[in-house]
Amino acid sequence: MKTFSYTITDEIGIHARPAGLLAKKAKEFESVCTIEKGGKSVNITKLMGLGVKQGDTVTVTCEGADEDKASEALKAFFEETL
């Protein structure tokens, strides 16, 4: 299991467009990836319900055969996009 935390810097937070791109990125891997905010955890492909805003810190967990690659790719996505 690989985990990382990230504080959202995008002024709008995670809205529809980056959420869709993030879900697409996560689907490239076999690993199951989840995102957690404020004690609530969901599959990363269904993160819109979390209402992630600028300044919120989220924790992403990837677990599976390619968890290292999945975690690295998602962390890079967060750093470049959010």
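Three aromatic pairs turn up when the whole structure, a predicted model, is searched. One of them joins F4 and F78. A pair of aromatic rings is described by the distance of the centres and the angle of the planes. For F4 and F78 the centres lie 5.9 Å apart and the planes meet at 75°. The arrangement is edge-to-face, because an angle over 60 degrees between the planes falls in that class.

The two partners come from distant parts of the chain. F4 belongs to strand β1, which covers residues 2-7, and F78 belongs to helix α2, which covers residues 67-81. In sequence, 74 residues separate F4 from F78. The pair therefore links strand β1 with helix α2 across that separation, since these are the elements that hold F4 and F78.

Both rings belong to buried residues. F4 has a relative accessibility of 8%, so it counts as buried. F78 has a relative accessibility of 0% and therefore counts as buried too. The cut-off behind both assignments is a relative accessible area under 20%. F4 and F78 are also members of one aromatic cluster, together with Y6 and F77.

Helix α2 also carries E72. Is E72 buried or exposed? E72 counts as exposed, because its relative accessibility is 57% and the class begins over 50%. From C-alpha to C-alpha, E72 lies 9.3 Å from F4, although the two are 68 residues apart in sequence. Helix α2 thus holds both the exposed E72 and the buried F78.

The surrounding fold can now be set out. The protein chain contains two helices and four strands, and their order along the sequence is β-α-β-β-β-α. How does its radius of gyration compare with what the globule rule gives? The radius of gyration is 11 Å, close to the 12 Å given by the rule for 82 residues, so the chain is as compact as a globular protein of that length. Along its principal axes, the C-alpha trace spans about 35 × 25 × 20 Å.

Contacts within the chain can be sorted by sequence separation. Among those between residues at least 6 apart in sequence, 71% join residues at least 24 apart. The pair of F4 and F78, at 74 residues apart, also spans distant parts of the chain.

The last points concern burial, surface and charge. Of the 82 residues, 40% count as buried. The protein chain exposes about 4800 Å², and carbon and sulfur atoms supply 47% of that area. There are 11 positive and 13 negative side chains, and the centres of the two sets lie 6 Å apart.

Note on methods. Residues numbered from 1 in each chain as written. Predicted model: local features only at pLDDT ≥ 70, side-chain atom pairs only at ≥ 80, totals over all residues. Heavy atoms only, no water. Phe/Tyr/Trp six-rings, centres within 6.5 Å; stacked < 30°, edge-to-face > 60°. Buried < 20%, exposed > 50% of the residue type's maximum accessible area, 1.4 Å probe, protein only. Rg over C-alpha atoms; globule rule 2.2 N^0.38 Å. Contact = heavy atoms within 4.5 Å. Areas by Shrake-Rupley, 256 points an atom, 1.4 Å probe, with all protein chains shown as cover. Lys, Arg positive; Asp, Glu negative; His and termini not counted. Charge placed at Lys NZ, Arg CZ, Asp CG, Glu CD.
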